[in-house]
Amino acid sequence: MTNLRGGLTRQGPRMPRAFAAAAILALIVAAPAFAELPGDVPDKVRIGLGGMAAETYTDAGLGSTTSGIGASVNFEDIFNLPESKDVGRFEVNWHYNKRQFLDLGYFELNRSGSRILQQDVNWGDFIFQASGKVTARFESNFPYAAWRYSFLDLPQVRISGSAGIDYLTIEAGLSANGNVTDQSGTPIPGDVEETISVSAPVPQTGLQIDWALTKRLAILMYIRQIYISHLAGINGGIGETAFRLQWWYSRHAGISGGLDKESIDLKSYESGDTKARFRYEVRGFSFYLNLAF
C-alpha cells in the first residue's frame, strides 16, 4: 500500500498582494476607535463549521526506489475527478487564559471519478493502457491541534503565534478490470488496484491576526507553514492560509467568509521500496457558521 498528497499550480480565486495590503490598510484606517476585541461577543470558546467552494489540483507519480518515479499523473485531467468540489472544515478555539489558546480542527476532501483513458498511465507496478476504463480515488483528512500564544494583545488587534500537529492522512489509487499490464508488458487479468497512502503526524507553526473593525465585525487572517526534510519518509512543504471577514449578528452566533487555501508539495515520499511524488492544493471561497460562548 502507498499514498499521496500535494500542492496547486493552477490559478484559482486569489487576491493580488498589493490589493490585499491596500484593502487591509483601508479597513484599519476606517475602523471606529471604539472597536475592541472581543467586542460584545464572548470569546471563551468559538466554533466554526463550514468549508469551501473549492478548486483543486492533484498530480502524483508512483514508482520504486530502484526504478525511480515515472511521469506525474494529473488526476483532474486524466481521470475526470471534479476540479470544483465542496470541502468540509470544523474548527474550535478555546481561549483558556488571557494570552493563550488551544485550536482544534478537522479538514476533509474525498473524490473519485472514472474515465476511458486516452493514453497509457504508468502507476506503480502497473501500466493502465489507453482505451481501458480506469477509476481514480483520492481521499484526504487532516485533524490538527495547536497551542497559540498572543504576543501582541492590544484592544483592537491581536497577533499570535502557534505551534501544533497536523495528522496527515492521504490515500490515492487507481483500479481497473482489463487493459492493464505489468512493467514488462505482460497482461494482468481480472481486477487490478494500486494504492498509495501516507499517514503521519506533521509539526506545523503559524501566525494569526485578529482585527476588530466594530464590536461585531472583525478580520481574521492566518498562515500555517512547515517544511519537512526526511521526516517519516516525507520531504516537502505543507501550508494553510486564510483571509476571512467575520460578522456576529448576535452575541452567540455569526457568519464568516473569505478565501482559504490548503496545499502540500511532497517532493518525495518513501516507504519500503516504494517512492512517490505528490502535489496537491485546494483553494476557494469559504463560508462558515460561527458560535461563541
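Which strand is Ser140 found in? Select Ser140 and you will land in strand E7, which covers residues 133-153. Keep in mind throughout the tour that this is a predicted model.

**Stop 1: Ser140 and its surroundings**

Is Ser140 buried or exposed? Ser140 counts as buried because its relative accessibility is 1%, under the 20% cut-off. Now show what surrounds Ser140: setting aside residues within four places in sequence, Ser140 is in contact with Phe107, Glu108, Leu109, Asn110, Thr169, Ile170 and Tyr280. Pick Tyr280 from that set and display both side chains, which are joined by a polar contact of 3.5 Å. Next, add Ser197 and draw a line between C-alpha atoms: Ser140 and Ser197 are 57 residues apart along the chain, and these two atoms are separated by 9.6 Å.

**Stop 2: the whole chain**

Zoom out and colour by secondary structure. The protein chain has 2 helices and 14 strands. Of its 293 residues, 47% count as buried. If you take contacts between residues at least 6 apart in sequence, 71% of them join residues at least 24 apart. Switch on the surface, and you are looking at about 13,500 Å² of exposed area, with carbon and sulfur atoms supplying 59% of it.

**Stop 3: the nonpolar core**

Hide the surface and select Phe75, Phe79, Val121, Trp123, Phe128, Leu168 and Leu174. These are the residues with the most contacts inside the largest nonpolar core, which has 43 residues. A second, separate core of 6 residues can be found by selecting Val157, Ile159, Trp211 and Ile219, which are among its members.

Go back to Phe75 and show its contacts. Beyond residues up to four places away in sequence, Phe75 touches Thr58, Ala60, Asn80, Leu81, Trp123, Ala136, Arg137, Ala172 and Leu174.

**Stop 4: aromatic rings**

How many aromatic pairs are there? The count comes to 9. Start with Phe75 and Trp123, an edge-to-face pair with 5.8 Å from centre to centre and 70° between the planes. This pair links distant parts of the chain: Phe75 belongs to helix H2 (residues 75-79) and Trp123 to strand E5 (residues 121-123), 48 residues apart. Both Phe75 and Trp123 are buried. Add Phe79 to the selection, and you have one aromatic cluster made of Phe75, Phe79 and Trp123.

For another pair, select Trp94 and Tyr96, whose rings are tilted, with 5.2 Å between centres and 50° between the planes. Trp94 is partly exposed, with a relative accessible area of 40%, and Tyr96 is also partly exposed, at 31%.

**Stop 5: arginines over rings**

Select Phe101 and Arg148 and turn the view to look down on the ring. Arg148 lies over the face of Phe101, 4.1 Å from the ring centre. Then move to Tyr222 and Arg224, where the charged end of Arg224 sits over the ring of Tyr222 at 3.9 Å from its centre.

**Stop 6: Glu240**

Tyr222 and Arg224 also lead to the last stop, since both are in contact with Glu240. Select Glu240 in strand E12, which spans residues 234-247. Why does Glu240 count as buried? Its relative accessible area is 3%, and buried means under 20%. Apart from neighbours within four places in sequence, Glu240 is in contact with Arg89, Asp166, Gln204, Tyr222, Ile223, Arg224, Lys261 and Glu262. Show these side chains together to finish the tour.

Terms used:
Residues are numbered from 1 along each chain as its sequence is written. This is a predicted model: local features need pLDDT of at least 70, side-chain atom pairs count only at pLDDT 80 or more; totals for chains, interfaces and linings use all residues. Side-chain values use heavy atoms; hydrogens and water are left out. A nonpolar core is a set of buried Ala, Val, Leu, Ile, Met, Phe, Trp, Tyr and Cys residues joined through side-chain atoms within 4.5 Å. Buried means under 20% relative accessible area, exposed over 50%, partly exposed in between (1.4 Å probe, protein chains only). Contact means heavy atoms within 4.5 Å. Rings of Phe, Tyr and Trp (its six-membered ring) pair if their centres lie within 6.5 Å; planes under 30 degrees apart count as stacked, over 60 as edge-to-face and the rest as tilted. Helices (H or I, at least four residues) and strands (E, at least two) are DSSP runs, numbered from the N terminus. A charge sits over a ring if NZ of Lys or CZ of Arg is within 6 Å of the ring centre and within 35 degrees of the ring normal. A polar contact is a pair of N or O atoms within 3.5 Å; within protein, one must be able to donate a hydrogen and the other to accept it, and residues adjacent in sequence count only if both atoms are side-chain atoms. Accessible areas come from the Shrake-Rupley method with a 1.4 Å probe; for residues, only the protein chains shown count as cover.
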